[in-house]
Protein chains: 4
Amino acid sequence: MKRSVTVLGGDLRQVWLAKLLEQDGWSVCTWGLEKGDGIVPVPLHRALESEVVILPLPVERGGKLCLTLTDAVLETKDLWPRLQEDQLLLGGMTGALSRQLFLEYGLTLLDYYRREEVQILNAVPTAEGAIQRAMESTEHTLLGAKCLVLGYGRIGKVLAHRLQAIGADVTVVARKHSDLAWAEVFGFRGVPIKELAGHLLDVSLIFNTVPSLVLDAPLLAETAPDCVIWELASAPGGIDRDAAAELGRRVLDAPGLPGIAAPATAAAAIRQGIYHILEERGESF
Amino acid sequence: MKRSVTVLGGDLRQVWLAKLLEQDGWSVCTWGLEKGDGIVPVPLHRALESEVVILPLPVERGGKLCLTLTDAVLETKDLWPRLQEDQLLLGGMTGALSRQLFLEYGLTLLDYYRREEVQILNAVPTAEGAIQRAMESTEHTLLGAKCLVLGYGRIGKVLAHRLQAIGADVTVVARKHSDLAWAEVFGFRGVPIKELAGHLLDVSLIFNTVPSLVLDAPLLAETAPDCVIWELASAPGGIDRDAAAELGRRVLDAPGLPGIAAPATAAAAIRQGIYHILEERGESF
Amino acid sequence: MKRSVTVLGGDLRQVWLAKLLEQDGWSVCTWGLEKGDGIVPVPLHRALESEVVILPLPVERGGKLCLTLTDAVLETKDLWPRLQEDQLLLGGMTGALSRQLFLEYGLTLLDYYRREEVQILNAVPTAEGAIQRAMESTEHTLLGAKCLVLGYGRIGKVLAHRLQAIGADVTVVARKHSDLAWAEVFGFRGVPIKELAGHLLDVSLIFNTVPSLVLDAPLLAETAPDCVIWELASAPGGIDRDAAAELGRRVLDAPGLPGIAAPATAAAAIRQGIYHILEERGESF
Amino acid sequence: MKRSVTVLGGDLRQVWLAKLLEQDGWSVCTWGLEKGDGIVPVPLHRALESEVVILPLPVERGGKLCLTLTDAVLETKDLWPRLQEDQLLLGGMTGALSRQLFLEYGLTLLDYYRREEVQILNAVPTAEGAIQRAMESTEHTLLGAKCLVLGYGRIGKVLAHRLQAIGADVTVVARKHSDLAWAEVFGFRGVPIKELAGHLLDVSLIFNTVPSLVLDAPLLAETAPDCVIWELASAPGGIDRDAAAELGRRVLDAPGLPGIAAPATAAAAIRQGIYHILEERGESF
């Protein structure tokens, strides 16, 4: 018999996730996604009966379930009591909520987003989205463009690799000797973060992936006036935006890229995380 | 002494071209570009005194000089008599105009755009622009996307190469044995155009670069319903658009990509063409 | 009924060719390849009865059929009278021989090697072979090595591309504006051949693919003492070898690379040429 | 004043290391490298006076200093008493020796080879060397060759990347979800090690980088008879060699690749490790 799963709210990623699970043979129902394409919604009480319930990414904001594709509103404090201990809840960026739900309601909520492999796979829509935006933001081609990638974590790695592939001249800026060695191995110019000052002069595009201050006022002053600076790190980011504004530098944001640039691919990454969770719990699917 | 050049009308490419020539040490003046950024215009009578006059790309439309960055209007029939036989006129896609100006007015008009090297360099902004648009048009990443490139001329070559570099699974469709051999050498799946029917099934993105009918109704019927089809060839293009509409396939256009996606790079290509023209005429610059 | 083909002499490429044709369903027999692996030879009189007879590449040397995998010797003047007008003969680099055989014996001899697509496909084993040899010849990695590719024809294109892919810093030297534009499009530094002098100083590896003198004494004098220079062009090549010897520069040869480095792949290229010949003659296979 | 360093024995890497340090401004002397090219040796007593003494990689074998480029022999038990506590000794793969020398003689011996960044940089000569050997071992081109890389550590990563760049069709086999996600991100087919059985059928080249048994008898039986299997892992490696021999599979070894394939590059990696050691000790150089 098919296993039942509910996709409860979220954004386009959850719409795609529901389709993918259906293709894989699950008995899928959805609630709170009716503006998304092609999934027939069920009433909430039926949606809450499935063995597995997939919550949004992030799960809630301001006490309400994250719902972007419906006019309905659902307070999470009204939701939790309606779920059962033998159901498996899966959500994104659950943080302290997992523990709280377990203590208060005995519910099992696992995080499908904070898994290493999901984060890695998500770096691709982020990097492609950043490249798309960068193309939109400049009157030059990326071929031959001098680009600086600050940080060589997941997003830095994939972005640097893609920019190079498309013909940009890429410098990777990192702190650790091992990251710089990797950058060199993959054909990038590797620059220790403390030597950054000397490498800003004729750079066209800077992508920051470091979530703490890197580009301070003195460094920003070294950048070219027509340089475009993309902030890809989560808040507070790595750019002194007041200093940038004062200098007249363009600093652009690209929040939520995976969900916007390629929700289908982001959904496939989430699916993979969910299957690994089930596998590790010894559940068939 | 500096040589004098006028950039007379056009679009963002001509604005950039003026800047580039100035950087190279020319005495540059412009007319008809005042909405473009930062170039001080001169009155028309002064603009027409330079040794070299650079006309737009294309030069005229409906008897008027192509002017997109000014409110002024200039009938070409009023322009030609004001130019001199010892000036060098350079324009884009001049076609029959060169011969006509020479016969009627004794003017020398050469085409900076139809040179092989300019066309090749222009394939890059076209390919990057197509990739940017393709990213915007799909909810999947290009990584892993099955893409079909129809035609292996200048744009087909660069586009296929860039798509592959960014991780797409690229099939090149061409007619000539030699083109298919090249495609194979560069790691693409090469498919003779007459065997295209069997390779459409699960393709996500099709890019046509062939300016005569390739994707007819029967072939379109083989494509996946959610396939996105980009027309990159000049009119009449290679897609039966009525059939596509009837089948509900998305066919998207991207006219004028080089000038839109990367005018600075397109300008650099034009500059290269201009310099080669001057070199071949034995002129210093 | 299966069509019959004889592979008559040659080297490892012909051994592989025989295997490939057998896999494709031909009735294959061979003669003169018995030191090659695994193909049962037939007596010469039987070998000459097939509908198609495939001759070596090149066909003959000094009046004898090119035989490298047998102790037998076969004078071509004894061979031609034993073949029939209704047989199809296919050979490599047949040159004037095709016309001569037709005039003297009424025989049809076509060249499977001089076809554009075969030459293109053969550039791959040549380029890979050159990379293998280059790796053997230097104590540095190709990653980061400054390489110069002289000429941007078939071999130059593939070699430059592969060297770049493996991480070398590649400069392409060519004469034509269009070749230099292509080089730039694919991310190489493009240098006009007349400006070569300024780009030799710290180059580690030079690959010449131009069959006429490029690296003369003055240019060789500009190269670094530990530079390794590979001659990949056919005689007389592009390097002044006396001058190189006098300067103490290492000039290395790599003749016959496709047949040595990857005979199986070279055979597959020949097969493709043969099939296209048959197709163009309207023959099934 | 220049700092003094002695390079004491070793192989071609130490010869190159001495040259590099000299270029960087050190006062370099060597002992035990006289068959290497161009370094003037000094008597042992003088060699032991430098501030920094660089020992081979590995330091010793069977109680003797590793000397491959001299006829001299040096028992390490005779060496240690001649060194001073205020000298800095640097060696490769020092293991327990560092502790022993400190306890017995008060000497400081640090390992330049086991640093993360040196290991990473060393993956390049290893990968290039493996590609060179693989090219030598097969009659096909790497373009289009189905390759399997077992393990996605340092060497697996670089090797997979280079094989792909040169046109091979690469499958990465790994155990961890995160490694498989990375493989997918970089365009490889990722196969969990437990599903390896189904992916061996038509593979041409297998590269093992896992130092414990992966390719056991049942898996080897699934490989193609003409498959070539390279063992790149340190002993005992990942291949059941008895089973392979019985099945007639070619298993090839490539020990010590960095030092053989590209000693100059391996030396540059070691130099980097040495400089980072000095930097971390607060020493100028």
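Reader: Is C:Val203 buried or exposed?

Author: This is a predicted model. Buried here means under 20% relative accessible area. C:Val203 has 4%, so C:Val203 counts as buried.

Reader: Where in chain C does C:Val203 lie?

Author: C:Val203 sits in a loop of chain C. Strand 10 (189-192) comes before that loop, and strand 11 (205-208) follows.

Reader: Which residues does C:Val203 touch, beyond those up to four places away in sequence?

Author: C:Val203 touches C:Lys146, C:Cys147 and C:Leu148. C:Ala224 and C:Cys227 are also on the list.

Reader: How many residues separate C:Val203 and C:Thr171 in sequence?

Author: The separation is 32 residues. In space, C-alpha to C-alpha, C:Val203 and C:Thr171 are 9.5 Å apart.

Reader: Now a charged residue. Where is B:Arg162, and which side chain of opposite charge is nearest?

Author: B:Arg162 lies in helix 6 of chain B, residues 154-165. B:Glu128 is the nearest side chain of opposite charge, 4.9 Å away. A salt bridge needs a nitrogen and a carboxyl oxygen within 4 Å. B:Arg162 is buried yet has no salt bridge.

Reader: With what is B:Arg162 in contact, leaving aside neighbours within four places in sequence?

Author: Read the chain letters. From chain A come A:Leu143 and A:Ile166. From chain B come B:Val124 and B:Ile131. C:Val185 and C:Phe186 complete the list.

Reader: Next, backbone angles. What is the usual sign of phi, and what is the usual peptide bond?

Author: Most residues other than glycine have a negative phi, and most peptide bonds are trans. Now look at the exceptions. A:Met93 has a positive phi of about 50°, though not a glycine. C:Met93 has a positive phi near 50°.

Reader: Where do these two methionines lie?

Author: A:Met93 is in the loop between strand 6 (88-91) and helix 4 (97-105) of chain A. C:Met93 is in the loop between strand 6 (88-91) and helix 4 (97-105) of chain C. A:Met93 is partly exposed, at 35% relative accessible area. C:Met93 is partly exposed too, at 34%.

Reader: And the peptide bonds? Which residues does a cis bond join in chain C?

Author: A cis peptide bond joins C:Ala235 and C:Pro236, with omega about 5°. C:Pro236 lies in the loop between strand 12 (228-231) and helix 9 (241-247).

Reader: Which residues does a cis bond join in chain D?

Author: D:Leu57 and D:Pro58, with omega about -5°. D:Pro58 is in the loop between strand 3 (52-54) and strand 4 (60-61) of chain D.

Definitions and conventions. Residues are numbered from 1 along each chain as its sequence is written. Chains are lettered from A and ligands numbered from 1 in the order in which they are written. This is a predicted model: local features need pLDDT of at least 70, side-chain atom pairs count only at pLDDT 80 or more; totals for chains, interfaces and linings use all residues. Side-chain values use heavy atoms; hydrogens and water are left out. Helices (H or I, at least four residues) and strands (E, at least two) are DSSP runs, numbered from the N terminus. Buried means under 20% relative accessible area, exposed over 50%, partly exposed in between (1.4 Å probe, protein chains only). Lys and Arg count as positive and Asp and Glu as negative; His and the chain ends are not counted. Contact means heavy atoms within 4.5 Å.
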